[in-house]
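Biologist: I'm new to this, so could you walk me through a structure step by step? I'd like to learn how to read what I'm looking at.

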Amino acid sequence: MLVRVLSDVTVFADRPELQEKISRLLDQAPERLSGASDVAVLAYGGTLPADALVHCVHCVSRLSRSYRVLVVLPEQAAAQVPELLRAGALGFIGDGCDDQEFYDALGVVARGAVYVASGSRAALIGGGAPAEPAQQVLTRREQEVLRWIADGYTHSQAARRMGLSGATVDTYVKRIRAKLEVRNKAELTRKAIELGVVRREPLLAAA
């Protein structure tokens, strides 16, 4: 695994050509993406054997303790998205993504929200029992809080936009997590997608 720090973003890539592509993108990154020092890009290219995917999940689990992790995977590895999300990753794009999608994903992950490329969205929300309608699980106010949090806003930012105190939003988030049986923000965002209450589509590229 090749490691390099560029534009304040730490890059871990399994092959030189992929690291060069990401390095070029970071060198040319728009000014708005500067300062994303807590973001790591973990990139795997080509045809991945099963043991490489296991290694990827292990790396995400370790990196997510210190970084907000954006994973770059071959398109055929989209089925691994749910497992990587559970391991702590926040973003998923294909290794053939264009420049704009990379920047979109990097920006979303840098602010702590989840970004899932269109080719991976089906894997994220499919394969299980249909989600219950949000109205049957959460109150209207809880749905509103969940929308703000899933879109990458902090509890205090969500509180200001809703005209509530930070403590009140904290209480709502605790209730939401208990109802949805989730442990962290990535899982919370996944549930928001499943329930159809995400506020806006840039979290789900081209979806």
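Modeller: Happy to! Keep in mind that this is a predicted model. Let's start with a pocket: the second largest one has a volume of about 180 Å³.

Biologist: Which residues line the second largest pocket?

Modeller: Going along the chain, you meet S64, Y67 and R68, then A87, G88 and L90, then R111 and G112, and finally N184, K185 and A186. Sort that lining by class and you get four nonpolar, four polar and three charged residues.

Biologist: Okay, that's pockets. How many cavities of 30 Å³ or more does a search of the whole structure find?

Modeller: The search turns up two. Let's look at the second largest cavity, with a volume of about 30 Å³. Its lining is made of L18, K21, I22, L25, V72, D95, C97 and F102.

Biologist: Which helix gives the largest share of that cavity's lining?

Modeller: That's helix α1, residues 16-27, which supplies four of the lining residues. By class, the lining of this second largest cavity has six nonpolar residues, no polar ones and two charged ones.

Biologist: Now helices. How do I describe two that pack together?

Modeller: Two packed helices are described by the angle between their axes and the distance between the axes. Try it on helix α7 (residues 140-150) and helix α9 (residues 166-180): their axes come within 10 Å and cross at roughly 95°.

Biologist: Are α7 and α9 roughly parallel or roughly perpendicular to each other?

Modeller: Angles of 65 to 115 degrees count as roughly perpendicular, so α7 and α9 are roughly perpendicular to each other. On the α7 side, the contact is made by R141, E142, V145, L146 and I149. On the α9 side, V169, Y172, V173, R175, I176, K179 and L180 take part. Together that makes eight nonpolar residues, no polar ones and four charged ones in the contact.

Biologist: Can we finish with a single residue? Where is Q76?

Modeller: Look in the loop between β4 (68-73) and α3 (81-87).

Biologist: And is Q76 buried or exposed?

Modeller: The cut-off for exposed is over 50% relative accessible area. Q76 has 55% relative accessibility, so Q76 counts as exposed.

Biologist: Which residues does Q76 contact, apart from its neighbours within four places in sequence?

Modeller: Those are G46, T47 and L48. Take T47: along the chain, T47 and Q76 are 29 residues apart, yet 8.1 Å separates their C-alpha atoms.

Technical notes:
Residues numbered from 1 in each chain as written. Predicted model: local features only at pLDDT ≥ 70, side-chain atom pairs only at ≥ 80, totals over all residues. Heavy atoms only, no water. Axes fitted to C-alpha atoms, helices over the stretch in contact; angles between N-to-C directions. Helix = DSSP H or I, 4+ residues; strand = E, 2+ residues; numbered from the N terminus. Parallel < 35°, antiparallel > 145°, perpendicular 65-115°, else oblique. Contact = heavy atoms within 4.5 Å. Nonpolar A, V, L, I, M, F, W, Y, C, P; charged D, E, K, R; others polar. 1 Å grid on protein atoms, 1.4 Å probe; cavity = no way out; pocket = protein on both sides within 12 Å on 5 of 7 lines; lining within 4 Å. Points joined across faces, edges and corners; volume = space filled by probe spheres on them. Buried < 20%, exposed > 50% of the residue type's maximum accessible area, 1.4 Å probe, protein only.
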